Every structure is written in C-alpha cells, then in structure tokens.
Amino acid sequence: MALPATERIVPVPVNRIELEAAVAFGTLRRAFEAEVPPLDVAHLRELLSQGADWRRLTLETAGPGIHRFVRFWTEHPTPLMRVGGADIPSAVYLIGDYATAARMFRHDAGTLLYTPLRVELHATRGGGTVLSVDQPSSRLGSFGNNKVTQAGFELDRMLGDLLEELDLPRPSVLRR
C-alpha cells in the first residue's frame, strides 16, 4: 500500500559552469584543497555540545578565504573509474558555507538539495584541467522565495571569489 502523497514537479533550469584551465590536474587540485579546507568536524561537534550561539557557530565554521567555503566531502574516483577503463584523474567535492545554507534552510528545508555545492575537477588529454560546478542561483531560484534567491546570488559571488583566489577567471554568469 502506498502512502498518501501529493506530487509536485518543479522544472529546474541550471547553468553548468565549465572552466578549462591550462594547468596540470594535480596543481589545481592541490590549490583547490588548500583554498577550501575540510570542515573541522570535531570542532563543530564541540561547538554544538557547548551550545554555541549563531554568531560563534558561523564564525568558527567558516573557511578562511574571502569566499568562506569549507569542504564537507572529498572523493578521488580515479582508482574506481580506472577499473571501468577510464584512467582520467578526477576529484569531486561538496563545498559550502554554513551561514548561507542555514539562512536558506529557515525559508525552505529543500534548499539542502543544492547546498552544499558540488564541484568536479578532471584532467584533459592536453594536460589541462576542467573545473565544473552548477551556478548556485540558477538552481536556487526554483524555490520561488526571494530570500533563497538572494542567498543564491550571494553564493554566486562567493563562488566567483573562490575561482579568482585560484587564479581562474570569474565566469560571466557570476559577474554582478
């Protein structure tokens, strides 16, 4: 027996940003991982157990860059993909900023579907690297909530700041 449920289909247009950089995969991967450090989960648990307030939690979980991003998850799928016949260096990340995500969550918990952001790097045959990421505002605008939409534009700005910190150009859709 199926549970009673109401179906809603929401079309979500998205702009995928792809930057092909003339830099070796390992070099860009190391720069990315240095610029976007992993979330200190032990410190986060300590803050939560101490009952940290909003200000302290947002300050102490933010990344050190102007963009404030931290890495929540990292995967290097190359060894697994090699078994399937594709020996292409690749890395996948979930990155985000707690403060921005929490503000959106207050308005619509479904925003967690698109935050944190998923970023993918892979080597090209020519020795360069492609960085791919979906433009945050292009997905978050689908919630039809101005506060969420504005946070999506804030994430666009933060993403552009991150790319510039990596010496990559700010994509045209992230210029506001």
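So, His-122: in this predicted model, that residue of strand 4 stands opposite Val-130 in strand 5. On the other side, Ser-90 stands opposite His-122. Let's stay with these strands for a moment.

Strand 4, residues 117–123, pairs with strand 5 in the antiparallel sense, over 5 bridges. The pairing of strand 3 with strand 4 is antiparallel too, and there we have 6 bridges. If you follow the chain round the hairpin of strand 4 and strand 5, you pass 5 residues between the strands, and Gly-127 takes a positive phi near 95° there.

Now, which residues of strand 4 are on its covered face, and which on its uncovered one? Leu-117, Val-119, Leu-121 and Ala-123 make up the covered face. Arg-118, Glu-120 and His-122 make up the uncovered one. That is the pattern to expect, because side chains in a regular strand alternate between the two faces of the sheet.

Next, please find helix 1, residues 25–35. Its buried residues are Phe-25, Leu-28, Phe-32, Glu-33 and Glu-35. Looking down the helix axis, they fall within an arc of 165°, so they line one face of the helix. Turn to the face that points away from that buried side and you meet the exposed residues Arg-30 and Ala-34. And what covers the buried residues? The cover includes strand 2, strand 3, strand 4, strand 5 and helix 7, so our hairpin strands come back into the picture here.

Strand 2 takes us to Thr-74, which lies within its residues 70–75. Is Thr-74 buried or exposed? Neither, quite: its relative accessible area is 28%, so it is partly exposed. Beyond its neighbours within four places in sequence, Thr-74 is in contact with Glu-33, Val-92 and Tyr-93. You'll remember Glu-33 as one of the buried residues of helix 1. The side chain of Thr-74 also makes a polar contact, at 3.0 Å, with the side chain of Arg-71. And for those of you who like distances, Thr-74 and Arg-118 are 44 residues apart in sequence, with 9.9 Å from C-alpha to C-alpha.

One last stop, friends: Arg-170, in the segment after helix 7. Why does this arginine count as buried? Because its relative accessibility is 15%, and buried means under 20%. Leaving out residues up to four places away in sequence, Arg-170 touches Asp-156, Arg-157, Gly-160, Asp-161, Glu-164 and Arg-175. With Arg-157 there is something extra to look at: the side chain of Arg-170 reaches the backbone oxygen of Arg-157 at 3.4 Å.

Technical notes
Residues are numbered from 1 along each chain as its sequence is written. This is a predicted model: local features need pLDDT of at least 70, side-chain atom pairs count only at pLDDT 80 or more; totals for chains, interfaces and linings use all residues. Side-chain values use heavy atoms; hydrogens and water are left out. Helices (H or I, at least four residues) and strands (E, at least two) are DSSP runs, numbered from the N terminus. Buried means under 20% relative accessible area, exposed over 50%, partly exposed in between (1.4 Å probe, protein chains only). Contact means heavy atoms within 4.5 Å. A polar contact is a pair of N or O atoms within 3.5 Å; within protein, one must be able to donate a hydrogen and the other to accept it, and residues adjacent in sequence count only if both atoms are side-chain atoms. The arc is that of the directions from the helix axis to the C-beta atoms. Two strands pair if DSSP finds at least two bridges between them.
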